Amino acid sequence: GARKRIGRAKMLRVCVPRWVRGCALARVPAHTEPQAGLGALAVAVLGRRWAANQSDASAKVEVIPGLGLEAFAQSGKRVSHPRGSRGRHHKQGRRWKEKIFNNNRTRYEFNKAKEYDVVEALQHVRSNKWTKFDESLDILFRLRIDTRHADQMVRGMYLPPNGLGGNVKRKVAVFIDPEDPLAEEARAAGAELVGGGDLIRDLSALKKIKNAMDYAIATPDMMPKIAPLARRLAPHKLMPNPKFGTVTNDVLGALKLAFQGNFQFKSCKQGQVQMPLGRLSMSDQELMENLMAAFEVVTRHRPEKVKKGYFKAVSISSTMGQGVLLDWKLLDRGLLQRPADEVAALAEKEAAEAAAAAQRQAEKDAAAAARAAEKAEALKEQARKKAEEDAALGSGAAWHAAADASRSNADTAPGANQPVSVEQQNS
C-alpha cells in the first residue's frame, strides 16, 4: 500500500534495528537533487511509517548510521549492502549489520576431492575455522552396506578415550525403583530424572519426550514397565539396551560413562555413521586418539556379509566448517601420517596428472584454434563467392537495362506504331 501511495517516487528499503517495529521506508521525491541534504533520505524511527520529507516537512526523523545513506546522498545512487548484511531472518541481518567484520571473513580453499592423512586434515579443519566459539569436530563414515537388511545395520557404543572436551551436559534419566538406595545415589551423581512408575507416567504425558532427556539408563526389573514407551524412545536412540550397557544394575558406572561422552551410534538409511570426536580446543594428539578409537569401533561392528570395500569414504568437519576427506586406507593400517616415500610417490603422481591435464588442455586449445581458422577461411571463401555472384548479377542487370533501353527507343521511333501491309510482311 505504501508503494501505491508514494507513486513514482524513488524508494529505499532499509533493514532497521530490532527496536524499530517493521521495516521503515524512505521517500525521495523525483524533483529532489542529490545534494539537497539528508532530509530527503531520512528514515522514520516511528515504525511502519514513511515520511514525505518535502521542504516543509515536520515529521520527526533520524538517520541511522552505518547503512550507506551518507554515500547515497553524496552520489545520488543506491549503495549496495555488503554480502550477508541483509539475512533471511531479522536477527541474522541485525547481527551481520552490527558486525561488519564478519562480512570480510576469509574463505579457506583446499582440494576437496583429495584424501588427506589425519595430520593434514586437522590442519585444514583448523585453518577453515572462522567462528568465535569453540566448534566441535565430527567424523562421518560412508559405508557400503544395505540398510534394508537388518543384519547389515551398524550400531554400537563409542566412548572417546579423551572425552569430548569439557563437561558433557546431558539430561540423564534413570529408571529405577524409588525405594532402591541407588536412586538417591544416582540423583546425587547428576541424574536429572530418577524414578519408576511415576516417571514413566510423566514422560508418557509429554508431547515431545526427546526434550525431557538425552540419555536413559534402566535396571533390568524396570524394562517391562518401560515397554509402553518403546515406540517413543527408540526413534530418538533413548531406549535402554543391554547391548549398549544402558540396562544394568551398576547404575553409577553407567552414569559415569554417560557423562564421559559415551555415544550411541547407528547407521542411517543412507548407510552413514556420524559421531563426535571432541572440540577444536583439544590438542591434535587427543583428537587423533579419539578418531582412531571411532575408526576401530566402526570396523569392529562390520557386518558378516560385507567382506570387501566396507568403507566408501571417511571425512571430518567442524560445526561451521567444510568437510575434509580422509585416506581410510592409512587408518586401516594404523597410520595417522603418510610415510615419506608415499608422500614423494603421491607428489610425483599428482605432478604427472597435472602435466597430462595441461597437455590435454593445450591439445583442446590447439584444436579450437584450428577450427576457428577453418571457420574464418570458410567465411572468407563464402564472402568471395558472394562478391563474384554479385558482380555477375550486376553485369547481367546492366545488360538487361541496356536491352530494355534499346527496345524502348525502337518503340518510340517515328513510324514504329504504323500498321504494316501484307506485302511488307511477306517481303
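Biologist: Why is Lys243 called exposed?

Modeller: Lys243 has 75% relative accessibility, and the rule calls a residue exposed over 50%, buried under 20% and partly exposed in between, using relative accessible area with a 1.4 Å probe and protein chains only. Therefore Lys243 counts as exposed. This is a predicted model, so local features need pLDDT of at least 70 and side-chain atom pairs pLDDT 80 or more, while totals for chains, interfaces and linings use all residues. Residues are numbered from 1 along each chain as its sequence is written, and side-chain values use heavy atoms, leaving out hydrogens and water.

Biologist: How do you know whether Phe175 is buried or exposed?

Modeller: Its relative accessible area is 0%, so Phe175 is buried. Phe175 sits in strand β6 (residues 172–175); strands here are DSSP runs of E with at least two residues, helices are runs of H or I with at least four, and both are numbered from the N terminus.

Biologist: What makes Phe295 and Phe311 a stacked pair?

Modeller: Rings of Phe, Tyr and Trp (its six-membered ring) pair if their centres lie within 6.5 Å, and planes under 30 degrees apart count as stacked, over 60 as edge-to-face and the rest as tilted. For Phe295 and Phe311 the centres are 4.9 Å apart and the planes meet at 15°, so the pair is stacked by that rule. Phe295 belongs to helix α10 (residues 284–300) and Phe311 to strand β11 (residues 311–318), so the pair ties together parts that are 16 residues apart in sequence.

Biologist: And why is the pair of Phe311 and Trp328 called tilted?

Modeller: Here the ring centres are 5.6 Å apart and the planes stand at 40°, so this pair is tilted. Phe311 and Trp328 are both buried. Ring pairs join these two with Phe141, Phe295 and Tyr310 in a cluster.

Biologist: What makes the contact of Lys114 and Glu350 a salt bridge?

Modeller: A salt bridge needs a side-chain nitrogen of Lys or Arg within 4 Å of a carboxyl oxygen of Asp or Glu. The N to O value for Lys114 and Glu350 is 3.3 Å, so the pair meets the rule. By this rule the structure has eight salt bridges.

Biologist: Why is Glu350 called partly exposed?

Modeller: Glu350 has a relative accessible area of 35%, so it counts as partly exposed. Its partner Lys114, at 22%, is also partly exposed.

Biologist: What separates Arg187 and Glu184 along helix α5?

Modeller: About one helical turn, because Arg187 and Glu184 are three residues apart in helix α5 (residues 181–189). Their closest N and O atoms are 3.2 Å apart, in a salt bridge.
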